[in-house]
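Here is a brief report on one protein chain. Please keep the sequence and the 3D view at hand while reading.

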Amino acid sequence: MESTLGAGIAMAEALQNQLPWLESVWLWVTFLGDPKILFLFYFPAAYYASRRVGVAVLWISLITEWLNLVFKWFLFGDRPFWWVHESGYYSQAPAQVATRARSRWVRVMPSLAYCTFLLAVGLSRVFILAHFPHQVLAGLITGAVLGWLMAPWVPVERELSFYGLTALALMLGASLIYWTLFTLGLDLSWSISLASKWCERPEWVHVDSRPFASLSRDSGAALGLGIALHSPCYAQVRRAQLGSGQKLACLVLAVGLLGPLDWLGHPPQISLFYVFNFLKYTLWPCLVLALVPWTVHTFSTQEAPPVHSS
């Protein structure tokens with residue numbers, strides 16, 4: 001394994017040394033590959049292009065992110081930016097660690113362009129020493145297989161209790177695994193400790209990188225999906241055929257609302273953050289599926305002029 005990790009660092013060094021002028025591009029690409037951007041842009045864009053595809057994108061992201069969380073607890077995967085220090089590799093051959101770890105700042109694309117984008121995201125993660133190449137490859141393959149297997153079976157509309165139970169299952173399932181491993185003496189916060197220790201600026205280790213941040217996001221989104229599909233606003237636009245202009249207006253309005261919602265400050269207490277995160281992502285599907293389409297449809301539909309008898 002040491003040789004595999006060393007080869008991964010060598011690949012990252014090659015990217016950083018041979019293509020240093022692409023640093024801003026890699027940072028932007030890795031920002032576009034962040035799971036939160038799926039909720040902020042890819043999910044609304046896919047949904048307004050095709051309702052079934054949009055719901056499928058959300059379901060697949062919920063399941064894959066939950067599995068990613070649980071696999072991290074079992075596999076204990078290192079991150080390159082701390083492994084080079086902890087293993088002694090850095091003292092033997094100093095790595096050119098990227099000076100920044102994040103940038104501040106689809107379904108409508110051919111398969112080749114989509115694969116190119118995934119490859120670019122993977123390379124960007126290697127470039128900033130966030131993942132080893134074998135981790136990127138395993139993630140891409142696992143995501144592709146899960147997407148292929150799950151797409152035909154994605155539930156579009158079910159009873160509200162189904163979504164509530166799904167959110168509960170996601171939360172309780174991960175919590176049970178976490179506390180079982182914790183009781184067995186495993187420190188599941190080891191990655192946060194190492195990230196805080198070796199990150200150039202500790203403030204880059206965000207609270208939403210903690211284990212239960214993605215869990216609160218996914219369980220909230222699952223519950224929000226059910227609430228949205230059973231809301232009065234969704235019932236009014238469910239059979240409506242929105243035009244291209246209306247769909248574009250929905251996307252612009254949704255992104256315009258979701259962006260500020262995502263940038264809201266986080267509560268200082270970690271427990272309050274999890275509650276806030278859960279509520280925020282419960283609201284997310286309600287805006288995309290129900291409130292925004294209902295608003296656009298209501299204000300863009302003109303009443304037919306009255307017919308006067310002669």
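The report goes from the overall fold to the annotated spans, the core, two leucines and a cavity.

**Overall fold**

This is a predicted model. The protein chain holds 14 helices and zero strands. Read from the N terminus, every element in the run is thus labelled α. Of its 310 residues, 40% count as buried. The accessible surface of the chain amounts to about 17,100 Å². Carbon and sulfur atoms account for 67% of that surface.

**Annotated spans**

UniProt, in an unreviewed entry, lists "transmembrane region" for residues 25-43, 55-75, 111-129, 136-154, 160-181, 248-266 and 272-292. Two of these spans are set out below.

| Span | Helix | Strand | Distance between end C-alpha atoms |
|---|---|---|---|
| Residues 25-43 | 89% | 0% | 23 Å |
| Residues 160-181 | 100% | 0% | 32 Å |

**Nonpolar core**

The largest nonpolar core has 52 residues. Phe-39, Tyr-47, Tyr-48, Trp-73, Leu-225 and Leu-289 have the most contacts inside this core. The elements giving two or more residues to the core are α3, α4 (51-75), α9 (160-183), α11 (211-229), α13 (244-262) and α14 (270-300). Helix α14 supplies the largest share, 11 residues.

Leu-289 has a long list of partners to look up. Leaving aside residues up to four places away in sequence, Leu-289 touches Phe-43, Tyr-47, Leu-225, Ala-228, Leu-229, Tyr-234 and Val-237. Tyr-47 and Leu-225 are also among the residues with the most contacts inside the core.

**Leu-40**

Leu-40 sits in helix α3, which covers residues 35-49. Is Leu-40 buried or exposed? Leu-40 is buried, because its relative accessible area is 15% and the cut-off for buried is under 20%. Which residues does Leu-40 touch, not counting those up to four places away in sequence? The partners are Val-255, Leu-258, Gly-259 and Trp-284.

**Largest cavity**

The largest cavity has a volume of about 40 Å³. Its lining consists of Lys-36, Asp-208, Arg-217, Asp-262, His-266, Asn-277, Lys-280 and Tyr-281. Helix α14 gives the most to this lining, with three residues. Helix α14 also provides the largest share of the nonpolar core.

How values were computed:
Residues numbered from 1 in each chain as written. Predicted model: local features only at pLDDT ≥ 70, side-chain atom pairs only at ≥ 80, totals over all residues. Heavy atoms only, no water. Helix = DSSP H or I, 4+ residues; strand = E, 2+ residues; numbered from the N terminus. Buried < 20%, exposed > 50% of the residue type's maximum accessible area, 1.4 Å probe, protein only. Contact = heavy atoms within 4.5 Å. UniProt positions renumbered as here; feature names shortened; annotations may be inferred. Core = buried A, V, L, I, M, F, W, Y, C linked by side-chain atoms within 4.5 Å. Areas by Shrake-Rupley, 256 points an atom, 1.4 Å probe, with all protein chains shown as cover. 1 Å grid on protein atoms, 1.4 Å probe; cavity = no way out; pocket = protein on both sides within 12 Å on 5 of 7 lines; lining within 4 Å. Points joined across faces, edges and corners; volume = space filled by probe spheres on them.
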